[in-house]
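Hi,

Here is the structure I promised to pass on. Have a look at it first, and then read my notes below.

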Amino acid sequence: MEETALTRHTLVFLAPQGKVRLEAELYSAYFGEAQERLHDIFAGEADVPGIVRRAEEKPHSIAVGFVPWRRLENGNRLRVATYVMGAEVRTAVSPYELDCGNLLVRSRALEAAGKIYALAADFKVKAGFLGSVGLEIATGLPYTDDASDLDVLLKPAAHDRLLGFYRQAQRLCPGIAMDFEVELPNGYGVKLAELFMDTRTVLGKSLTDVRLLDKEQTAVFLQ
């Protein structure tokens with residue numbers, strides 16, 4: 001597949017041979033329960049995707065991160081940073097393409113996701129979900145729990161619409177931590193909250209770097 005089609009947060013699902021190769025390559029680097037969680041990723045019944053991440057470039061390779069659905073005994077999540085070959089990717093899915101129409105409400109995070117998804121539609125803002133919520137929607141596995149927060153990716157929209165959406169989202173879901181990122185056409189993602197702060201710059205994160213962006217220059221994308 002074309003690597004240029006991938007952006008930060010894209011979910012990449014591997015072909016069977018890619019899973020077998022990657023698990024064998026990583027197996028010796030993990031021990032005990034971490035090794036068991038690694039098996040959950042590559043040999044479980046569900047198809048667990050890798051998430052495209054920023055990292056040093058390698059020829060013909062894609063930097064991704066994998067997260068198993070079960071937490072470690074200490075409550076943390078195992079995060080596996082690695083590379084896959086472009087030829088091993090079976091399909092790639094944008095967070096916006098996840099099916100959020102019929103969420104099974106089994107956690108506070110998923111309940112909040114359903115509310116935010118409907119609210120975004122009301123404001124004509126395109127939303128997708130990241131983190132544990134996005135992975136649960138993508139796989140059907142119980143990634144979310146009482147400790148889960150909500151990470152939301154947004155397409156650019158008019159500044160006033162985004163502000164109205166943001167304010168209402170905070171009122172609608174006061175009991176859960178939420179983080180909103182706007183994905184700009186220049187390849188950088190910025191925190192929605194920063195766009196409403198009285199600052200001259202915002203922190204932008206892309207697939208290749210992290211830098212301060214002039215807020216006036218980003219405003220052109222929010223009209």
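Which residues does Asp149 touch, not counting residues up to four places away in sequence? They are Ala109, Ser132, Val133, Ile176 and Ala177. One thing to keep in mind throughout: this is a predicted model.

To find Asp149, go to the loop between α4 (131-139) and β7. Asp149 has a relative accessible area of 35%, so it counts as partly exposed. Gly175 is 26 residues away from Asp149 in sequence, and their C-alpha atoms are 9.9 Å apart in space.

Now the sheet. Five strands make up an open sheet, and if you walk across it the order is β4-β3-β2-β1-β5, with antiparallel pairing. The edges are taken by β4 (80-85) and β5 (89-93); each has a single partner strand, so one side of each has no neighbour in the sheet. On average, neighbouring strands here are turned by 40 degrees against each other, direction ignored. As a reminder, strands of a sheet pair through backbone hydrogen bonds, either parallel or antiparallel. For a closer look, try β1 (residues 11-14), which pairs with β5 in the antiparallel sense over 4 bridges. There, Val12 has Ala92 in β5 as its bridge partner.

Next, a pair of helices. The axes of α1 (residues 16-26) and α2 (residues 32-43) come within 9 Å and cross at roughly 170 degrees. An angle over 145 degrees counts as roughly antiparallel, so that is how α1 runs relative to α2. Where they meet, α1 brings Lys19, Leu22, Glu23 and Leu26, while α2 brings Leu38, His39, Phe42 and Ala43.

Two residues from these helices deserve a click. Leu22, in α1, is buried, with a relative accessible area of 0%. Leaving out residues up to four places away in sequence, Leu22 touches Leu14, Phe42, Phe66, Thr82, Tyr83 and Val84. Of these contacts, Tyr83 is 61 residues from Leu22 along the chain, yet their C-alpha atoms are separated by 8.7 Å. The other residue is Asp40, in α2. Is Asp40 buried or exposed? Its relative accessibility is 15%, so Asp40 counts as buried, the cut-off being under 20%. With the same residues up to four places away in sequence left out, Asp40 touches Val48, Pro68, Trp69 and Arg70.

Last stop: helix α5 (residues 159-172). At 1.5 Å a residue, its 14 residues should span 20 Å, and the end C-alpha atoms are indeed 20 Å apart, which agrees. Which residues of α5 are buried? They are Leu162, Leu163, Phe165, Tyr166 and Ala169. Looking down the axis of α5, you will see these buried residues fall within an arc of 165 degrees, so they line one face of the helix. The general rule behind this kind of pattern is that an α-helix has 3.6 residues a turn, so residues three or four places apart point the same way. On the other side of α5, Asp160 and Arg171 are exposed. As for what covers the buried residues of α5, the list includes α3 (108-122), β7 (150-154), β8 (178-183) and α6 (192-195).

That is what I have so far. Over to you!

Notes:
Residues numbered from 1 in each chain as written. Predicted model: local features only at pLDDT ≥ 70, side-chain atom pairs only at ≥ 80, totals over all residues. Heavy atoms only, no water. Expected span 1.5 Å × (residues − 1). Buried < 20%, exposed > 50% of the residue type's maximum accessible area, 1.4 Å probe, protein only. Arc of directions from axis to C-beta. Contact = heavy atoms within 4.5 Å. Pairing = 2+ DSSP bridges. Axes fitted to C-alpha atoms, helices over the stretch in contact; angles between N-to-C directions. Parallel < 35°, antiparallel > 145°, perpendicular 65-115°, else oblique.
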